[in-house]
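Me: Got a model here that I'd like to talk through with you. Mind if I throw some questions at it?

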Amino acid sequence: METSIRATGPSRRWALPLAWATVTALVIAIPLTGMSGYWVRQILLAAVMALLVSGLNLSLGWAGELNLGLPAMYAAGAYVTAYVAARHINDIVLCLALSAAAAVVVGLLAGAPGLRLGGWMLAVCTFMLVQLIPITLQLIPFSVLGGTSGFTGIPVPRVFGTVLDANGFYITVIVVTSLWFAVYRNAVCSPFGRALLVLQQGPVLAQSLGLSRYRLKLTTYAFAAVPAGLAGTLYAYTDLFIAPDSLGIGLIMSLLVASIVAGRRSIYAVFCGVAFVQFINDRSTSFGEYGDIAFGAFLLIGGLLFGGGVAGLGNTLVRRYRRGRAAAADEAATTGTPPQIPAFDGRDVRLESVSKSFGGVDALREVSFVAPAGRITALIGPNGSGKTTTLNLINGFHKPGSGRVLLGDDELTGLPAERVARLGVARTFQTPAIPGEMSVLDVVGSGRIEAHGPALLPVVLRLPRYWRAVARNRKAAAGWLEILGLGAIAAEPAAAMALGTRRMIELARALCAGPRVLLLDEVASGLDPDELQELAGVLRKVRDAGVTVVVVEHNFSLVRSLADHVVVLAGGAVLTDGDPREIAEHPEVLERFLGSGAGVSGTTLEEHPAPGGQVVVAVDATAATDGAGTAERTSSHE
Ligand SMILES: Nc1ncnc2c1ncn2[C@@H]1O[C@H](COP(=O)(O)OP(=O)(O)OP(=O)(O)O)[C@@H](O)[C@H]1O
């Protein structure tokens with residue numbers, strides 16, 4: 001993964017492709033060393049299997065879905081190649097293209113319903129697909145595909161009319177595999193890959209960033225079918241015969257073992273996993289029928305012990321080596337003055353008689369208020385009064401039972417959260433939602449993936465459009481890190497940061513999206529006094545830059561010093577709203593916050609933050625019925 005803040009200059013851009021081209025050339029040259037035919041064949045089979053494992057990694061490791069149907073997509077590629085080459089046009093390039101397309105179609109037929117249902121349903125749907133292979137072959141006339149005894153008579157491959165000899169075919173296999181791995185690497189080391197990591201953190205975060213879970217998973221699923229189709233063509237041309245019994249569930253076991261050994265999000269380590277499986281397969285003939293049991297046992301033990309596989313181990317070592325160097329580079333990068341905060345196009349947020357209930361619980365009742373554009377509106381109220389529910393209704397996580405939610409003149413009522421995010425509503429969460437395996441810079445940059453991320457084609461081909469988008473997004477993300485004083489940790493893993501820092505990272509991510517409206521759910525809890533000062537300063541600046549800020553906050557000191565407008569919720573309804581001074585002196589607010597049991601009629605409200613992020617509310621309660629002088633009540637909000 002690309003995690004460093006350092007700019008990817010043209011010289012660095014060429015380093016990896018050059019290294020990969022050199023490795024490819026060396027592998028192509030292997031037969032020239034006089035290596036035996038047995039080993040050359042092993043390399044061919046390894047290349048075919050590596051393609052399949054990359055497909056499994058895409059769906060399992062990156063999209064987080066267990067796709068057991070790869071053998072069916074592989075079979076589609078192999079049979080399309082066999083049929084087209086034997087009966088129509090024998091051209092390996094044409095067959096590669098047709099097989100990839102056929103695999104995608106087969107994959108989508110099983111994947112579309114399975115992905116919509118999600119989880120284990122996809123595994124079940126795709127497992128059924130593999131079981132259908134022999135049944136389908138029996139249904140199709142023997143003369144067409146050769147039934148369950150296999151397809152014979154596949155011709156020696158040609159390319160643009162020229163016959164490919166053994167050496168030419170070997171080179172073709174290595175080049176196709178190498179090119180696919182370049183495409184695979186480009187796809188996952190990009191905003192597309194980071195969107196998939198965001199999705200793994202949870203659909204809630206993905207939606208709040210404007211990402212559609214279903215569209216992202218389906219795209220990845222279709223993409224994962226491509227190498228299976230390519231592998232099908234190469235397999236059919238390797239032996240010029242298709243053996244259907246090699247396309248069953250045993251194959252998926254081998255792929256799973258290779259993926260575990262390599263790491264389910266691995267790229268180059270896939271070849272280590274494949275080498276391991278080939279070695280075991282080779283030796284397993286000596287265990288006879290116990291080979292599958294050995295694989296099954298390895299799946300159980302390997303799954304438990306080798307979390308990240310070979311790739312995980314390699315990444316840990318590389319990260320350790322890089323950390324020192326990146327820190328030095330970042331220090332240099334943070335000495336400049338922070339960039340200017342850009343102008344935002346804030347809009348009013350209007351709730352009109354909004355009600356929401358969960359089962360028998362009325363979370364909100366007829367709530368109406370306006371959060372004015374370019375102002376900070378604080379939502380306060382006791383625990384359970386409906387503050388978070390209000391934010392969830394604005395950003396589309398919940399649909400109101402009745403009433404309307406408007407952004408300027410646009411109706412948000414009932415829109416899914418990803419559409420609301422695309423209209424310019426960004427948010428943070430009570431518990432920061434930070435995906436694992438991402439640097440601070442990448443997490444902040446993920447705020448811009450949906451609106452400013454390049455499409456998949458420029459990504460995999462690394463077109464100039466991709467580099468321009470990456471440079472723009474990195475600059476924006478690095479700028480927000482500087483503004484929030486986080487520049488020095490840009491290259492660090494974000495999920496490992498302390499709670500307060502993760503809150504600031506979330507805020508930076510939300511701001512990086514360039515929102516019209518910023519919803520902050522208890523953004524100050526867990527921050528130390530310095531961080532609170534910093535936060536208040538940034539929020540004032542973004543307010544002045546035009547963002548509409550709606551903040552749920554228990555810290556009254558912060559609310560009073562920051563908010564332009566306060567809405568007080570109690571029992572799911574608006575108790576009152578006004579400017580912070582009016583609210584601080586509102587008798588019913590005093591009563592509600594302190595509880596009627598205290599018997600407070602209260603005249604003034606003084607608050608100050610206590611150590612540990614608590615808010616101490618001290619009331620001059622001279623009129624209190626208990627006769628005590630000053631009552632002090634503490635409400636802990638962390
Ligand atoms: N998804 C849900 N399912 C069922 N009940 C819910 C759900 N979300 C909120 N509620 C209920 O709605 C009411 C309002 O909850 P909400 O979280 O909005 O309050 P809050 O003011 O944000 O509280 P806190 O300050 O503790 O975060 C509570 O009674 C809560 O139990």
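Me: Which element gives the largest share of the shell around the ligand?
Reply: This is a predicted model, where local features need pLDDT of at least 70, side-chain atom pairs count only at pLDDT 80 or more, and totals for chains, interfaces and linings use all residues. Numbering runs from 1 along each chain as its sequence is written, and side-chain values use heavy atoms, with hydrogens and water left out. Both β4 and α15 (387–394) supply at least two shell residues each (helices are DSSP runs of H or I with at least four residues, strands E runs with at least two, numbered from the N terminus). The largest share, three residues, comes from α15.

Me: How many charged residues does the shell around the ligand have?
Reply: Near means a heavy atom within 4 Å, and of the 14 residues around the ligand, Gly384, Gly386, Lys387, Thr388 and Thr389 come nearest. Ala, Val, Leu, Ile, Met, Phe, Trp, Tyr, Cys and Pro count as nonpolar, Asp, Glu, Lys and Arg as charged, and the others, Gly among them, as polar. By that split the shell has four nonpolar and eight polar residues, and the charged ones number two.

Me: How much of the ligand's accessible area does the protein cover?
Reply: Backbone polar atoms sit by ligand oxygens at 2.9 Å for Gly384, 3.1 Å for Ser385 and 3.0 Å for Gly386. Those are polar contacts, pairs of N or O atoms within 3.5 Å. On its own the ligand has 630 Å² of accessible area (Shrake-Rupley, 1.4 Å probe), and the protein covers 61%.

Me: Is Glu366, with its positive phi, buried or exposed?
Reply: Most residues other than glycine have a negative phi. Glu366, in strand β4 (residues 361–371), has a positive one of about 50°. Buried means under 20% relative accessible area, exposed over 50%, and partly exposed in between (1.4 Å probe, protein chains only). Because Glu366 has 54% relative accessibility, it counts as exposed.

Me: And Arg462, buried or exposed?
Reply: Arg462 is in the loop between α19 (456–461) and α20 (464–483), and its phi is also positive, near 50°. Since its relative accessibility is 13%, Arg462 counts as buried.

Me: Which residue caps the N-terminal end of α22?
Reply: Helix α22 (residues 529–544) reaches 23 Å from first C-alpha to last, close to the expected 22 Å (1.5 Å times one less than its number of residues). At its N-terminal end, a side-chain oxygen lies 3.1 Å from the backbone nitrogen of Asp530, and that oxygen belongs to Asp528.

Methods
A polar contact is a pair of N or O atoms within 3.5 Å; within protein, one must be able to donate a hydrogen and the other to accept it, and residues adjacent in sequence count only if both atoms are side-chain atoms.
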